[in-house]
Structures are given as structure tokens and as C-alpha cells.
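User: I'd like to go through some labels people put on this model and see what backs each one up. Can we take them one at a time?

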Amino acid sequence: MKTNNFFVIHNYNTIPLNLVEYCNDYIIYDASDQPGIREKLDEAGLKYIPVKNTGHNITTYFSYFDTEYEHLPEVICLCKGNMIGRHCSKEYFDKVYNNQYFTYLYEDKPKWPGLTKAVQEGVKEEELAFLVSESQYVEKNTSWYVGSPNHPHWYFDDFDELLTFIYKDPVIPKWCLFSPGACYIVRREQILKHSPVFYRNLCKLMNYDLDPNFPSEAHQIERMLPLIFEAAYEENEWMNDEKLFDEKIEEQRQKMKKKEAWNQKRFKRIRKLFGQKGY
């Protein structure tokens with residue numbers, strides 16, 4: 001049975017026919033750079049909009065919220081072209097694709113043995129992640145991913161700092177509950193909690209570079225999505241003012257440059273202490 005849930009599909013170098021067959025209506029935002037993909041999409045008769053590749057799917061969702069704000073469907077399935085088989089199994093998706101409520105589109109059974117209590121007796125407290133259900137993944141809030149050399153961070157290198165930049169006096173969580181891959185079923189009223197400008201501004205934090213891969217801020221916002229959709233926090237004023245937001249993130253950019261320069265000097269001093277040649 002096809003669902004009336006509207007599918008917003010972020011696509012990168014795939015032909016997502018397996019997703020389209022689940023729904024009565026959809027739109028594909030195609031960020032593919034592989035030759036021949038769009039020709040195949042045309043041949044399959046699929047509806048798509050070519051978009052710039054930002055390296056991830058969250059800017060696609062937020063841009064859709066921004067542009068379609070006055071005409072959002074009641075229930076939206078936010079998914080990636082390769083979601084089935086990568087972020088969840090077909091068996092799991094078959095059970096939930098018609099849900100009319102907020103749903104985490106994630107399920108990775110091969111990881112269950114390392115993430116559940118039944119096989120984790122005696123696990124140390126510093127364990128980084130666990131599951132609270134088949135689809136709800138919980139990760140220790142350490143911002144560990146920011147250290148990756150593959151993902152630049154111009155504005156924020158810490159989940160907590162970004163959260164307090166977005167909201168006034170939020171709870172700083174010890175753990176983050178989210179769907180790895182950033183795929184969800186959401187209701188219109190959850191999206192309407194925030195303004196189009198709010199989503200437009202957040203996109204600026206995630207689409208500034210692709211060298212060598214997408215910004216680390218996208219990793220941070222990935223872990224923040226359930227809060228964005230469900231929490232009742234008050235937004236900081238600049239989140240709904242583009243000019244003010246641009247000024248604030250430029251301040252953040254300069255702070256980050258100073259922080260990185262300081263870290264480089266500190267590392268040089270450490271090398272000298274151990275007799276290593278600095279540069």
C-alpha cells in the first residue's frame with residue numbers, strides 16, 4: 001500500500017526507485033555528480049530538482065522547509081536515496097513508512113550486539129554509544145567527530161557551543177539521541193515551530209565548504225535534529241534575522257581562527273618539549 005506521507009529524497013548518485021514505490025507523491029533533490037545519473041532519472045520518469053552537492057542531506061531538508069514553508073504536507077518522510085540498506089533495512093522501513101508521527105528512520109541490526117545490555121555485561125561507563133530501541137541511537141556528547149581532518153569547522157567545534165548559539169538556556173545533554181544518517185518522519189507542526197529564516201540561517205553553517213568533505217557543523221546539527229523538531233527552547237534573536245545572524249557567525253569565524261592559531265602554537269611547544277622539529 002502506498003502512503004500519503006510526502007517523501008523528500010536527498011539523492012546522490014543513485015536511482016531511488018525503491019523509495020518512490022512507497023509513496024503517492026515525492027520530490028527528489030538530486031546532488032549527483034556521477035555522469036549519467038540524471039539521464040537515468042529522466043529515463044525512469046522521476047521528478048527531481050538538481051541541487052548543489054553540499055556533501056550531506058540536512059541542507060536539502062532545511063532548504064525544502066524554507067521554500068515550501070506555506071505549503072508543507074501534513075507528514076513528511078525525510079530520507080536519502082540510499083537510505084534502505086544503509087541506514088535501515090527494508091524490513092524495518094516496511095513497518096514504519098506509513099507512520100503519522102515522529103519516527104527515527106534508522107536500524108542497524110549488525111551493531112546490536114555491541115550496543116545492547118544483553119551482551120554488554122560489565123561495560124565501562126565511558127562506552128560511547130548504545131541503543132534505547134531498535135531505531136533510537138544514543139551517543140555520548142563529546143563532539144569527538146570534530147577532530148576529523150576530513151571535515152572543516154569554520155564556526156563551531158563543539159556541540160554544546162552551537163546548541164547555546166541557537167537556543168537560550170538549553171539543557172546541555174550528556175548524551176545525544178538521534179538517527180544516524182539524519183532520516184526521519186516528521187509532522188508539519190514540528191517544522192513550523194521554527195521560521196523559514198531559522199532554517200535558512202542553519203544552512204549557512206553547513207554549506208560553506210567541501211574540502212575535503214562537508215563541514216563538521218553538519219555532524220553537530222545531525223545530532224541536534226530531534227531537539228530542533230521536538231524541544232520547546234526559545235531561539236536566540238539572531239536565528240530569525242539574517243543580517244544579525246551573518247554578523248554573529250562572522251564573529252564566530254574570527255574566534256575559531258584565533259583558537260586554531262593558539263592550538264597550533266601549543267602543539268609546536270609540545271613538539272619542542274619532546275625534541276621534535278616544529279614547522
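Analyst: Sure, and keep in mind that this is a predicted model. Pro212 sits in the loop between H9 and helix H10 (216-222).

User: What makes the peptide bond from Asp211 to Pro212 cis or trans?

Analyst: Omega is the thing to check: going from Asp211 to Pro212 it is near 0°, and the bond is cis.

User: Next, H3 and H9. Why are they called roughly antiparallel to each other?

Analyst: The axes of helix H3 (residues 58-67) and helix H9 (residues 196-204) cross at roughly 150° and come within 8 Å. Angles over 145 degrees count as roughly antiparallel, so that is the label H3 and H9 get. As for handedness, the H3 and H9 crossing is left-handed.

User: Which residues make the contact between H3 and H9?

Analyst: H3 puts in Thr59, Phe62, Ser63, Phe65 and Asp66, while H9 brings Pro196, Tyr199, Arg200, Leu202 and Cys203. By class, the residues in this contact of H3 with H9 split into six nonpolar, two polar and two charged.

User: How do you know that H3 is mostly covered?

Analyst: Buried means under 20% relative accessible area, and eight of the 10 residues of H3 are buried. Those are Ile58, Thr59, Thr60, Tyr61, Phe62, Tyr64, Phe65 and Asp66.

User: What makes Phe62 stand out in the largest nonpolar core?

Analyst: That core has 78 residues, and Phe62 is one of the three, with Phe7 and Phe93, that touch the most other members. If you skip neighbours within four places in sequence, Phe62 is in contact with Tyr199, Leu202, Cys203, Met206, Ile221, Leu225 and Ile228. As background, nonpolar side chains in soluble globular proteins tend to be buried together.

User: On to helix H12 (residues 242-273), which holds Glu260. Why is Glu260 called partly exposed?

Analyst: Partly exposed is what lies between the buried limit of 20% and the exposed limit of 50%. Glu260 has 29% relative accessibility, so partly exposed is the right call. The C-alpha atoms of Glu260 and Trp154 are separated by 10.0 Å, with their places 106 residues apart along the chain.

User: Ile249 lies in H12 as well. What makes Ile249 buried?

Analyst: The cut-off is under 20%, and Ile249 comes in at 7% relative accessibility, so Ile249 counts as buried. Leaving out neighbours within four places in sequence, Ile249 has contacts with Tyr155, Phe165, Lys204 and Leu205. Between the C-alpha atoms of Ile249 and Ile228, 21 residues apart along the chain, there are 19 Å.

User: Now backbone torsions. What is there to notice about phi of Ser143?

Analyst: Phi of Ser143 is near 55°, and that is a positive value in a residue other than glycine. Ser143 belongs to the loop between strand E7 (137-140) and helix H7 (159-166). With a relative accessible area of 8%, Ser143 falls under the 20% limit, so Ser143 is buried.

User: And Ala182: how do you know whether Ala182 is buried or exposed?

Analyst: Ala182 has 1% relative accessibility, which is under 20%, so Ala182 counts as buried. You'll find Ala182 in the loop between strand E9 (175-178) and strand E10 (184-187). Its phi is positive too, about 60°, although Ala182 is not a glycine.

Definitions and conventions:
Residues numbered from 1 in each chain as written. Predicted model: local features only at pLDDT ≥ 70, side-chain atom pairs only at ≥ 80, totals over all residues. Heavy atoms only, no water. Axes fitted to C-alpha atoms, helices over the stretch in contact; angles between N-to-C directions. Helix = DSSP H or I, 4+ residues; strand = E, 2+ residues; numbered from the N terminus. Parallel < 35°, antiparallel > 145°, perpendicular 65-115°, else oblique. Left-handed = near helix turned anticlockwise from the far one by under 90°. Contact = heavy atoms within 4.5 Å. Nonpolar A, V, L, I, M, F, W, Y, C, P; charged D, E, K, R; others polar. Core = buried A, V, L, I, M, F, W, Y, C linked by side-chain atoms within 4.5 Å. Buried < 20%, exposed > 50% of the residue type's maximum accessible area, 1.4 Å probe, protein only.
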